[in-house]
Amino acid sequence: MQHGHISTAVRSVAAIVVGYGLASAVSVVVASLLPLARAEAVLIGTYAGLLAYVAIILWVFAAPHIRSIWAVFLVMASLLGLSWLLTLVVKA
């Protein structure tokens, strides 16, 4: 395999697998932060997660370096996890 094919494969895995995980985290955090009825909050959180997933996929293939992709993923996952934990603490 050539270098370009490896880069495309890594970006594809990052977009599909990690993007899905981050999009799921976005939907959970958004749904838990909204002061709406549970069904409405889940619906809006799902829409936000879907939009996040599309944005992540587009950004992964537009990013200039693979290292920057993984760095941004790490920061996003940390911030989403922290905000989710804070919502649990506040609601308790």
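In which helix is Leu-22 found? Leu-22 sits in helix α1, and several of the points below come back to that helix. Here are my notes on this predicted model, in the order I would look through it.

1. **Overall layout.** The chain contains three helices and zero strands. Reading from the N terminus, the order of elements is α-α-α. Along the principal axes, the C-alpha atoms fill a box of roughly 50 × 20 × 15 Å. Of the 92 residues in the chain, 25% are buried. As for how the chain folds back on itself, take the contacts between residues at least 6 apart in sequence: 65% of these join residues at least 24 apart.

2. **Leu-22 in α1.** Is this residue buried or exposed? With a relative accessibility of 5%, Leu-22 counts as buried, because the cut-off for that class is under 20%. Once neighbours within four places in sequence are set aside, Leu-22 is in contact with Ile-56, Phe-73, Met-76, Ala-77 and Leu-80. Ile-69 makes a useful reference point for orientation: its C-alpha atom is 13 Å from that of Leu-22, and the two residues are 47 apart along the chain.

3. **Val-26, also in α1.** Val-26 belongs to helix α1, and its relative accessibility of 15% places it among the buried residues. Beyond its neighbours within four places in sequence, Val-26 touches Ala-48, Gly-49, Ala-52 and Leu-80. For Ala-48 there is also a C-alpha separation: 6.9 Å from Val-26, with the two positions 22 residues apart along the chain counted as their spacing. Leu-80 is worth selecting in your viewer, since it appears in the contact list of Val-26 and in that of Leu-22.

4. **Ser-32 in α1.** Which residues does Ser-32 contact, apart from neighbours within four places in sequence? They are Thr-87 and Lys-91. Ser-32 is found in helix α1 and is buried, at 16% relative accessible area. A polar atom of the Ser-32 side chain also lies 2.9 Å from the backbone oxygen of Val-29. I would show that pair together with the two contacts to Thr-87 and Lys-91, as they give a good picture of the surroundings of this serine.

5. **Aromatic pairs.** The count of aromatic pairs comes to three. One of them joins Tyr-20 and Tyr-53 in an edge-to-face arrangement, with 6.1 Å from centre to centre and 80 degrees between the planes. Why does this pair link separate parts of the chain? Tyr-20 lies in helix α1 (residues 3–33) and Tyr-53 in helix α2 (residues 38–62), so the pair ties together parts that are 33 residues apart in sequence. Tyr-20 itself counts as exposed, at 53% relative accessibility. Elsewhere, Trp-59, Trp-70 and Phe-73 form one aromatic cluster.

6. **How α2 meets α3.** The axes of α2 and helix α3 (residues 66–91) come within 10 Å and cross at roughly 150 degrees. That makes the two helices roughly antiparallel, because the angle is over 145 degrees. The crossing of α2 past α3 is right-handed. On the α2 side, Ile-56, Trp-59 and Val-60 take part in the meeting; on the α3 side, the partners are Ser-68, Ile-69, Val-72, Phe-73 and Met-76. Some of these names will be familiar by now: Ile-56, Phe-73 and Met-76 are among the contacts of Leu-22, while Trp-59 and Phe-73 are members of the aromatic cluster.

7. **Two alanines in α2.** Finally, a pair of positions that differ in accessibility class. Ala-39 is found in helix α2 and is exposed, with a relative accessible area of 62%. Its C-alpha atom is 24 Å from that of Gly-19, and the two are 20 residues apart in sequence. Ala-55 lies in helix α2 as well; here the relative accessible area is 43%, which makes Ala-55 partly exposed. From Ala-55 to Val-18 the C-alpha separation is 13 Å, across 37 residues along the chain.

Terms used. Residues numbered from 1 in each chain as written. Predicted model: local features only at pLDDT ≥ 70, side-chain atom pairs only at ≥ 80, totals over all residues. Heavy atoms only, no water. Phe/Tyr/Trp six-rings, centres within 6.5 Å; stacked < 30°, edge-to-face > 60°. Helix = DSSP H or I, 4+ residues; strand = E, 2+ residues; numbered from the N terminus. Buried < 20%, exposed > 50% of the residue type's maximum accessible area, 1.4 Å probe, protein only. Polar contact = N/O pair within 3.5 Å; in protein donor to acceptor, adjacent residues only side chain to side chain. Contact = heavy atoms within 4.5 Å. Axes fitted to C-alpha atoms, helices over the stretch in contact; angles between N-to-C directions. Parallel < 35°, antiparallel > 145°, perpendicular 65-115°, else oblique. Left-handed = near helix turned anticlockwise from the far one by under 90°.
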